[in-house]
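The report below describes one protein structure, moving from a group of charged side chains to the overall fold and then to a loop region.

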Amino acid sequence: HEMLFFLGMRLTGSPDQGAIVGQMLGGAMGFFAALALARMTGGLAGRTAGLVAAAAFYTWPAVTLYSGMPYVELPLLFYGTLALWGVLWAWRRKRTAPRGPRWIVLAGIAAGLAMGVKYTAALLVAVPLAAWLVVLAVAARRGWKEGARRAAVFVGVAFLAFLPWMARNWVNTRNPVYPLLYKVFGSSNWDAQKDARWTQAHSPKDRSPANFAKQLNEVFFFGEH
């Protein structure tokens, strides 16, 4: 998402005007996510259900707030929805089974783009959907080997879609997943002190169930910190 702001600044030649372009593109991602949710849900439960799901998502206050902030959540939700949509449609019904691999490829591309937006998409999007492909194959009596084959295609395509971001990181920092795994790859503009501060700032201080519930409230209802 930061690259959208950078692109806007390069195209306009102005940090202020470029930031506005980035905000518009980021806000559009929320709208596109709502459209994708409407189509995906509508195909499963009917048009009315799709419209209700899209309306519930788009009226969530976070969509409005994130549309004007340099955060990655809206692009992540958009690409994550596309990835889920692709996996669902790969096994939706028998007559679409011949087109299943195409949907898996599309889902993999979306998952890779989601990881390019935010690394946590690997755990929130890619890994669960890959596992789900195996479960769906077993449930459809195709066998776990077929599920593993489809999951491998999904993961492989996701990696290829994620590869340009990794290449960009390597060129600029010599670490393909910068700033993660500093102890493994090192970095040209990162050091042990910065890594320690980053790890401390991004590690949960309180892992109790009560704090987890509090954080959920802050995310979904913007409760007080």
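In which helix do Arg149 and Glu146 both lie, and how many residues apart are they? Both residues lie in helix α8, three residues apart, about one turn of the helix; helices here are DSSP runs of H or I with at least four residues, strands are runs of E with at least two, and both are numbered from the N terminus. The model is a predicted one, in which local features need pLDDT of at least 70 and side-chain atom pairs count only at pLDDT 80 or more, whereas totals for chains, interfaces and linings use all residues. Residues are numbered from 1 along each chain as its sequence is written, and side-chain values use heavy atoms, with hydrogens and water left out.

**Salt bridges**

A search of the whole structure finds three salt bridges, a salt bridge being a side-chain nitrogen of Lys or Arg within 4 Å of a carboxyl oxygen of Asp or Glu. They are listed here with the N to O distance.

| Pair | Distance | Citation |
|---|---|---|
| Glu73 and Lys118 | 3.0 Å | closest N and O atoms |
| Arg149 and Glu146 | 2.7 Å | closest N and O atoms |
| Arg150 and Glu146 | 3.0 Å | N to O |

Glu73 forms its salt bridge with Lys118, and this pair links distant parts of the chain, with Glu73 in helix α5 (residues 73-90) and Lys118 in the loop between α6 (100-117) and α7 (121-139), 45 residues apart. Lys118 is partly exposed, with a relative accessible area of 30%, where buried means under 20% relative accessible area, exposed over 50% and partly exposed in between (1.4 Å probe, protein chains only).

Glu146, Arg149 and Arg150 are linked in a network of salt bridges. Arg150 and Glu146 are separated by about one helical turn, because they are four residues apart in helix α8. An α-helix has 3.6 residues a turn, so residues three or four places apart point the same way. Within the network, Glu146 is buried at a relative accessible area of 19% and Arg150 is buried at 5%, whereas Arg149 is partly exposed at 44%.

**Overall fold and helices**

The secondary structure of the protein chain comes to 11 helices and zero strands. Buried residues make up 36% of its 225 residues, and the C-alpha atoms fill a box of roughly 55 × 45 × 40 Å along the principal axes. Among contacts (heavy atoms within 4.5 Å) between residues at least 6 apart in sequence, 56% join residues at least 24 apart.

Helix α2 (residues 15-45) has 31 residues and should span 45 Å at 1.5 Å a residue, which agrees with its end C-alpha atoms being 45 Å apart; the expected span is 1.5 Å times one less than the number of residues. Gly46, with a positive phi near 105 degrees, follows α2.

Helix α8 (residues 144-173), by contrast, bends by about 40 degrees at Leu163, with Pro164 following within four residues; the bend is the angle between axes fitted to the seven residues ending at a position and the seven starting there. The buried residues of α8 include Phe154, Val157, Phe162, Met166 and Thr173.

**The loop after α8 and its surroundings**

Most residues other than glycine have a negative phi, and most peptide bonds are trans. Arg174, in the loop between α8 and α9, has a positive phi of about 65 degrees although it is not a glycine, and is partly exposed at 43%. Leu181 is found in the loop between α8 and α9, has a positive phi near 50 degrees, and is partly exposed at 49%. The peptide bond from Tyr178 to Pro179 is cis, with omega near 0 degrees.

Ser187 is placed in the loop between α9 (182-185) and α10 (192-202). A polar atom of the Ser187 side chain lies 3.3 Å from the backbone oxygen of Thr173, and the Ser187 side chain also makes a polar contact with that of Asn189 (3.1 Å). A polar contact is a pair of N or O atoms within 3.5 Å; within protein, one must be able to donate a hydrogen and the other to accept it, and residues adjacent in sequence count only if both atoms are side-chain atoms.

Asp195, in helix α10, is buried yet has no salt bridge, the nearest side chain of opposite charge being Lys183, 5.5 Å away; here Lys and Arg count as positive and Asp and Glu as negative, with His and the chain ends not counted. The side chains of Asp195 and Trp190 are joined by a polar contact of 3.5 Å.
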